[in-house]
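Reader: I have a model open in front of me and would like to learn how to read its features one at a time. Could you take me through it?

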Amino acid sequence: MALQRPKGTKDHLPDGSPQLKLDVSARAFQHVTDTAARVLERGGAAFIATPLFEEAELVKRGVGGSTDIVRKEMFTVFYFGDHGGYVLRPEGTAGLVRAYLENGLKQLPAPLKLWTHGPMFRAENVQKGRLRQFHQVDYEVLGSADPLIDAEAIWLMVQVVQALGLTGVQVKLGSIGDPEDRDTYNAYLRQTFTPHLERLSDDSRDRLERNPMRILDSKSAGDQALIAELSVKPMLDFLGAEARAHFEAVRGHLDSWKVAYVVDPSIVRGLDYYRRTAWELHHAQIGAKSALGGGGRYDGLAKELGGPETPGIGWAFGIERILGAMEQEGLGLPAAEGPAVYIAALDAEHVPLAAWVALGLRSEMRADFGYKPQKPGNAFREGERRGATFTALIGSDEAAAGTVALKHMASGEQRSVPVGELSGFLLERLSDSQSGIS
Ligand code: HAM
């Protein structure tokens, strides 16, 4: 049997691939990243790219040693002679903050807005929507603790998914307070759960020690039944005065901009660096267990990584999950753009000339050519199949005269155009797409 891709990975494929669905369409993937680029760059974000592997220590300190990601889902990178101290990044934020600190980006005007997209790796139990290599669009802002930045970040996330046409999305907003608030809350949780230790799942018993808040996120039905039975209070009830004021300010901005959200006191998030604002983006048709995206404030992260105190906030969404949601909603993609012109030679002798004319046009427009000679009828059919605006033919007469026989596919009009004038002619006609050839 031919070799197959690793479990929990996807190939994103070009148009025309057999049984192509939106979630594996490379053009859909690119549509998501292009849309994010447009919305986020209009919002003042600059693109950044960081390595796919980082020191394990960075991820451990950033994401947190007690998280499932670090304890169970890390892909360790080994290479000859290496100490095994690298991991494939499970998320983008820790590496991005490292890059900010290491490269002196603090000197850039604050707040600094950055965005990126790329593959992330988590050794998960593979299920629908849960991959081992997935892709995120990630937006981060460093250098401001202003609640206005939180509200703008949420607004931008919503803008991106709306620009993709998604309507069934919902922002679930919460706050996980300041570290002192979390300590108080964790103490409350320990006190609440300890008398019922024997009813907790093994994982949650473990969490009670390391990070009790994670029990609330447990996937075990028994744990969830116990949480309901004990009427466990949410983190929101434990916010200190400052965290509460911050949360109210974020809500005030969102309300005044009419950004729809629901307050979800159960938001805990799966990464340790969060403080204060935390939210998830959900989709009505996909179910509560798999968020399309999530984000939050992480004012302590830079310090945790050895840098100076630097407030930060950001979000990421999973591109595959966004594509799954688009598919659920029956959304399509903008029509694929064909070449401006398809150039065919009528005989083998003139194929290199057709190629040369096409290559010369490519600094201005997309131009395809036929690798084999074609009869006019076949050439026009091929131009049509490729979605070309024009098809050009070159035979002996055209070669001798230094022209092409050009056909405007939509109107059927034809005329002869000198090769030297072809680029200017096409550009003019393309900019006025209504007009045909004359
Ligand atoms: P996260 O909630 O772990 O946050 O991941 C964000 C999104 O990535 C999820 O909502 C989901 O759409 C997608 N995702 C995560 N794991 C998988 C998986 N195994 N398969 C498919 N998709 C997945 C973060 O990663 C934070 N770095 C977000 C952030 C940025 N917070 C602040 N700045």
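Author: Let us begin with a term that we shall need for the loops: helices (H or I, at least four residues) and strands (E, at least two) are DSSP runs, numbered from the N terminus. Please also keep in mind that this is a predicted model.

Reader: With that in hand, in which loop does S231 lie, and what is its phi?

Author: As a general idea, most residues other than glycine have a negative phi, and most peptide bonds are trans. In this structure S231 lies in the loop between α8 (221–229) and α9 (241–256), and S231 has a positive phi of about 45° although it is not a glycine.

Reader: Which residues does a cis peptide bond join?

Author: The cis bond is the one joining A110 and P111, where omega is about -5°, and P111 is found in the loop that runs between α4 (93–102) and β5 (112–121).

Reader: How should I describe two helices that pack against each other?

Author: Two packed helices are described by the angle between their axes and the distance between the axes. Take helix α1 (residues 26–42) and helix α5 (residues 147–163), whose axes come within 9 Å and cross at roughly 140°. That angle makes α1 oblique to α5, and their crossing is right-handed. On the α1 side the contact is made by T35, A36, R38, V39 and L40, and on the α5 side by L156, Q159, V160 and A163. Sorted by class, this contact of α1 with α5 has six nonpolar, two polar and one charged residues.

Reader: At what angle do the axes of α1 and helix α11 cross, and why are the two helices called roughly perpendicular?

Author: The axes of α1 and helix α11 (residues 319–328) come within 10 Å and cross at roughly 110°. Because angles of 65 to 115 degrees count as roughly perpendicular, α1 and α11 are described in that way. Here α1 contributes A28, F29, H31, V32 and T33 to the contact, while α11 contributes I319, I322, L323 and M326; by class, the contact has seven nonpolar, two polar and no charged residues.

Reader: Finally, which residues come nearest to the ligand, and which polar contacts should I look for?

Author: Of the 26 residues around the ligand, those that come nearest are E91, L131, E140, Y274 and L292. A polar side-chain atom of Y274 lies 2.5 Å from a nitrogen atom of the ligand, whereas an N or O atom in the side chain of Q136 is 3.0 Å from an oxygen atom of the ligand. With G293 the polar atom belongs to the backbone, and it is 3.2 Å from an oxygen atom of the ligand.

Key. Residues numbered from 1 in each chain as written. Predicted model: local features only at pLDDT ≥ 70, side-chain atom pairs only at ≥ 80, totals over all residues. Heavy atoms only, no water. Axes fitted to C-alpha atoms, helices over the stretch in contact; angles between N-to-C directions. Parallel < 35°, antiparallel > 145°, perpendicular 65-115°, else oblique. Left-handed = near helix turned anticlockwise from the far one by under 90°. Contact = heavy atoms within 4.5 Å. Nonpolar A, V, L, I, M, F, W, Y, C, P; charged D, E, K, R; others polar. Near = heavy atom within 4 Å. Polar contact = N/O pair within 3.5 Å; in protein donor to acceptor, adjacent residues only side chain to side chain.
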